[in-house]
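Load the model, switch to cartoon, and keep the selection box handy. We'll hop from one selection to the next and say what sits at each stop.

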Amino acid sequence: MFLQQLLNGLTNGSIYALLAIGVTMIYKTLNMLNFAHGDVIMISAFLSLLMINLGMPIVLAIVFTVIIASGIGVLLERFVYRKLEYSSFVNLLIATVGVSYILKNTSITIWGSHPYSFPDIFDPNPINFNGFLILPQNIGIIVISVILVAILQLFFYKTKYGQQMRAAATDAEGAAMMGIDVNLCRMLTFGISSAFAAVAGILLAPMFFVSVDMGVVVGLKAFTAAVLGGFGNVIGAVLGGLLLGGIEALGATYISTAYKDVISFLVLFVVIYLKPAGLLAKKIEQKL
């Protein structure tokens, strides 16, 4: 039972990690909290479901959804947040809340407020290893998350644009003086974070119903994971997501499933009170 729940926790934690990466990238690069991040999850799930229902192969639908979600992130940065000139944390916060309401109400207008079922991406039949049941979905989500995190790290450290993004995140003014296009780095930040949110939303959709509220709680848990690992730290966000997923799964098993979400946010309050910089802030020094 312990190993089974631990696997479930790692599965959910992998999704939280993908979302927390986007949250922490935007915070570190732009010094803002993006409360519309959870709505990108919802929009992505609806778009993917729409394409599948129109007859598009599921793999192709996922690829197009990720591209569209990335484009939405770029457009929001270019035509909404950049117009505020990143001058005020409060103004940017209010802007993200406004964008969240727009995305949610637009989705209600198009798809309504009732939930939709999403087709299985992986084989629903469990694999039995000497009594230990493993769902292909669990393995698939964990493997996809690991691959995406590895690709992101290679991008940051082995490519020109990735290194420029790290420089711009550390010191935007200094990066601009060195000839780095800071605006392009900000657009890439939103594009990548939205793409990761799209993947998370698609992986999450078969586990639950697709609805306009599906990104609310998960989005808040992404913030929790980012805080656990230390804001502004990609590896910390990943470990924070995995830790949160594990605590949540074990708490739901040995305490009560009714308190599953309560346990997650209780962990957040304890960490904020005891170590507001994050559990791994002193151990991991990388910026992105």
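Start by selecting the buried residues of H4: they pack against H1, helix H2 (37-53), helix H3 (58-81) and H9. Helices here are DSSP runs (H or I, at least four residues), numbered from the N terminus. Before going further, note that this is a predicted model: local features need pLDDT of at least 70, side-chain atom pairs count only at pLDDT 80 or more, and totals for chains, interfaces and linings use all residues. Residues are numbered from 1 along each chain as its sequence is written, and side-chain values use heavy atoms, with hydrogens and water left out.

**Stop 1: H4**

Which residues of H4 are buried? Pick Leu 92, Ala 95, Thr 96, Val 99, Ser 100, Leu 103, Lys 104, Ser 107 and Trp 111. Buried means under 20% relative accessible area, exposed over 50%, and partly exposed in between (1.4 Å probe, protein chains only). H4 has 23 residues and reaches 33 Å from its first C-alpha to its last, close to the 33 Å expected at 1.5 Å a residue; the expected span is 1.5 Å times one less than the number of residues. Just past the end of H4, click Gly 112, which takes a positive phi of about 85 degrees.

**Stop 2: the salt bridges**

Now show the charged side chains. How many salt bridges does the structure hold? There are three, where a salt bridge is a side-chain nitrogen of Lys or Arg within 4 Å of a carboxyl oxygen of Asp or Glu.

- Stay on Lys 104 and add Asp 213: the two form a salt bridge, with the closest N and O atoms 4.0 Å apart. This pair links distant parts of the chain, since Asp 213 is in the loop between H8 and H9 and Lys 104 is in helix H4 (residues 89-111), 109 residues apart. Asp 213 is partly exposed, at 48% relative accessibility.
- Next, select Lys 221 and Glu 248, a salt bridge whose closest N and O atoms are 2.6 Å apart. Here Lys 221 in helix H9 is tied to Glu 248 in helix H10, 27 residues apart. Both Lys 221 and Glu 248 are buried.
- Finally, go to Glu 77 and Arg 82, whose side chains meet in a salt bridge at 3.0 Å, N to O. Glu 77 and Arg 82 are also buried.

**Stop 3: H11**

Select residues 260-274. Helix H11 has 15 residues and reaches 22 Å from its first C-alpha to its last, close to the 21 Å expected at 1.5 Å a residue. Color Ile 263, Ser 264, Val 267, Leu 268 and Val 271, the buried residues of H11. Why do they line one face of the helix? Look down the axis of H11: its buried residues fall within an arc of 145 degrees, so they line one face. (The arc is that of the directions from the helix axis to the C-beta atoms.) An α-helix has 3.6 residues a turn, so residues three or four places apart point the same way. Helix H9 (214-229) and helix H10 (234-254) are among what covers the buried residues of H11. Flip to the other side of H11 and you'll find Leu 266, Phe 269 and Tyr 273 exposed.

**Stop 4: two buried spots**

Select Thr 189 in helix H8 (residues 182-204). Thr 189 is buried, with a relative accessible area of 1%. Leaving aside neighbours within four places in sequence, Thr 189 is in contact (heavy atoms within 4.5 Å) with Met 25, Ile 26, Thr 29 and Met 165.

Then move to Ser 44 in helix H2. Ser 44 is buried, at 1% relative accessibility. With the neighbours within four places in sequence set aside, Ser 44 is in contact with Thr 65, Ala 69, Ala 198 and Ile 202.

**Stop 5: out to the surface**

Is Tyr 254, in helix H10, buried or exposed? Tyr 254 counts as exposed, at 52% relative accessibility. Draw a distance to Gln 5: Tyr 254 and Gln 5 are 249 residues apart in sequence and 10.0 Å apart in space, C-alpha to C-alpha.

One last click: Asn 31, in the loop between H1 and H2. Asn 31 has a positive phi of about 55 degrees although it is not a glycine, and Asn 31 is partly exposed at 45% relative accessibility.

Conventions. Helices (H or I, at least four residues) and strands (E, at least two) are DSSP runs, numbered from the N terminus.
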